[in-house]
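User: Please take a close look at the side-chain contacts in this model, with the charged groups and the rings as the main topic. I'd like one connected walk-through, ending with how the surrounding pieces are arranged.

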Amino acid sequence: MFLSWPFFKAMFKEQRSSLLKISGGFILYETLLSWVYPAIAKTPAVGEIVDTIPSTVKTVFGVSPDARTDTFEAFFSSQFLARIWTLIMAAYGITTANALLAKLIDNGSLALPLSAPLSRSQLLATQAALLFVNNAVLIGVTFGGVYGSTRFFKIKIDKTAYFKLSLLSLSFFSAVSSYAFLFATLGSKEKSLAYSYGVTALFYGLDVIAGLWDKLNWAESLSLFHLLKPQDVLEGTVKPASAIIGLAASAAALLEIAGWVFEKRDLPL
């Protein structure tokens, strides 16, 4: 078997606590937003206020300047998905990738699993699979929570659109986690975190800058974040199929490179 199931279970137990805490936080916040939305939707003044917000401010919050403001998708995306959720998920992937690999390399903890015997390729594949499963769990909890809370508060949503966004999100955060794993194979845990957060901050900055200044629209194509536009996907103005395929292929390629680097690196065992 390419993966080590015993090692997977052991590492999952270590990650379970943080997974539960983040999942609980997501569900509580989604429930709160679904609870207050019906009252907001019945207040026309709120919509008028939102329409007067400058497009530059909307861009900072991940909302397209010409996007609708009178739907649950617009409210939910601007208040949660577009920025807060996206950045938390990206930070989780980076931090967890660092803990699963770079931290273990630094403190010499890989000696035991590699003497099991467990090959380096099996170890990296197992850790990557664990992180991708955790990402899938968090994404499943997020969109499962949306289904449950909107049904409870009688808010109509297009479940198919949310399912498409969940697939796009999984591909997106798999790509983020993959370059975090690559950086984890290249340096110490401090450098790994610095490189991963640095690249992510650069992508985020380019996405914001491209939306703020028309002359810098070209910068959007250099940012990974331009592929994840929750409100556009939920309202059907963007078809995510090509982005899903591209991100999944990028994640696979990055992991392949990370595996090659990990095989060649001298480890403090």
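Analyst: Let's start with the term for a cation over a ring: a charge sits over a ring if NZ of Lys or CZ of Arg is within 6 Å of the ring centre and within 35 degrees of the ring normal. Keep in mind that you're looking at a predicted model.

With that in hand, take Lys159, which lies over the face of Tyr147 at 5.8 Å from the ring centre. Tyr147 has other company too. Ring pairs join Tyr147 into a cluster with Trp85, Phe143, Tyr162, Phe172, Phe173, Tyr204 and Phe225. There's another cation to look at as well: the charged end of Arg120 sits over Phe262, 5.9 Å from the centre of that ring.

Now for the rest of the rings. The structure holds 18 aromatic pairs. One of them is Phe72 with Phe76, a stacked pair with 5.5 Å from centre to centre and 10 degrees between the planes. These two sit four residues apart in helix H4, about one turn of the helix, and both Phe72 and Phe76 are buried. Phe152 and Phe153 make another pair: their ring centres are 5.0 Å apart and their planes are at 85 degrees, so this one is edge-to-face. The surroundings of that pair are worth a look. Phe152 counts as exposed because its relative accessibility is 62%, while Phe153, at a relative accessible area of 23%, is partly exposed.

While you're there, check the backbone of Lys154. Its phi is near 60 degrees, a positive value in a residue other than glycine. Lys154 is placed in the loop between H6 and helix H7 (159-186), and with a relative accessible area of 75% Lys154 is exposed.

Next, opposite charges. As a rule, side chains of opposite charge can pair when their charged atoms come close. A search of the whole structure turns up two salt bridges. In one, Asp207 pairs with Arg83, and the closest N and O atoms are 3.3 Å apart. That contact links distant parts of the chain: Asp207 is in helix H8 (residues 189-212) and Arg83 in helix H4 (residues 72-106), 124 residues apart. Asp207 and Arg83 are both buried.

The other bridge joins the side chains of Lys229 and Asp207, at 3.1 Å from N to O. Lys229 is in the loop between H8 and helix H9 (230-234) and Asp207 is in helix H8, so this pair ties together parts 22 residues apart in sequence. Put together, Arg83, Asp207 and Lys229 form a linked network of salt bridges. How buried are the partners in the second bridge? Asp207 has 3% relative accessibility, so it counts as buried. Lys229 comes out at 19% and also counts as buried, because the cut-off for buried is under 20%.

Another contact across the sequence involves Ala74. Ala74 and Pro230 are 156 residues apart in sequence, yet 9.0 Å apart in space, C-alpha to C-alpha. Ala74 is found in helix H4, and at 6% relative accessibility Ala74 counts as buried.

Finally, the scaffold that carries these side chains. The chain has ten helices and zero strands, and buried residues make up 45% of its 269 residues. Two packed helices are described by the angle between their axes and the distance between the axes. For H4 and H7, the angle is about 30 degrees and the axes are 9 Å apart. That makes H4 roughly parallel to H7, and the crossing of H4 and H7 is right-handed. Helix H6 (residues 120-152) and helix H10 (residues 241-264) pack at about 140 degrees, with 9 Å between their axes. That makes H6 oblique to H10, because angles need to be over 145 degrees to count as roughly antiparallel. The crossing of H6 and H10 is right-handed.

Note on methods
Residues are numbered from 1 along each chain as its sequence is written. This is a predicted model: local features need pLDDT of at least 70, side-chain atom pairs count only at pLDDT 80 or more; totals for chains, interfaces and linings use all residues. Side-chain values use heavy atoms; hydrogens and water are left out. A salt bridge is a side-chain nitrogen of Lys or Arg within 4 Å of a carboxyl oxygen of Asp or Glu. Buried means under 20% relative accessible area, exposed over 50%, partly exposed in between (1.4 Å probe, protein chains only). Rings of Phe, Tyr and Trp (its six-membered ring) pair if their centres lie within 6.5 Å; planes under 30 degrees apart count as stacked, over 60 as edge-to-face and the rest as tilted. Axes are lines fitted to C-alpha atoms, for helices over the stretch in contact, and angles run from 0 to 180 degrees between N-to-C directions. Angles under 35 degrees count as roughly parallel, over 145 as roughly antiparallel, 65 to 115 as roughly perpendicular and the rest as oblique. A crossing is left-handed if the near helix is turned anticlockwise from the far one by less than a right angle, and right-handed if clockwise.
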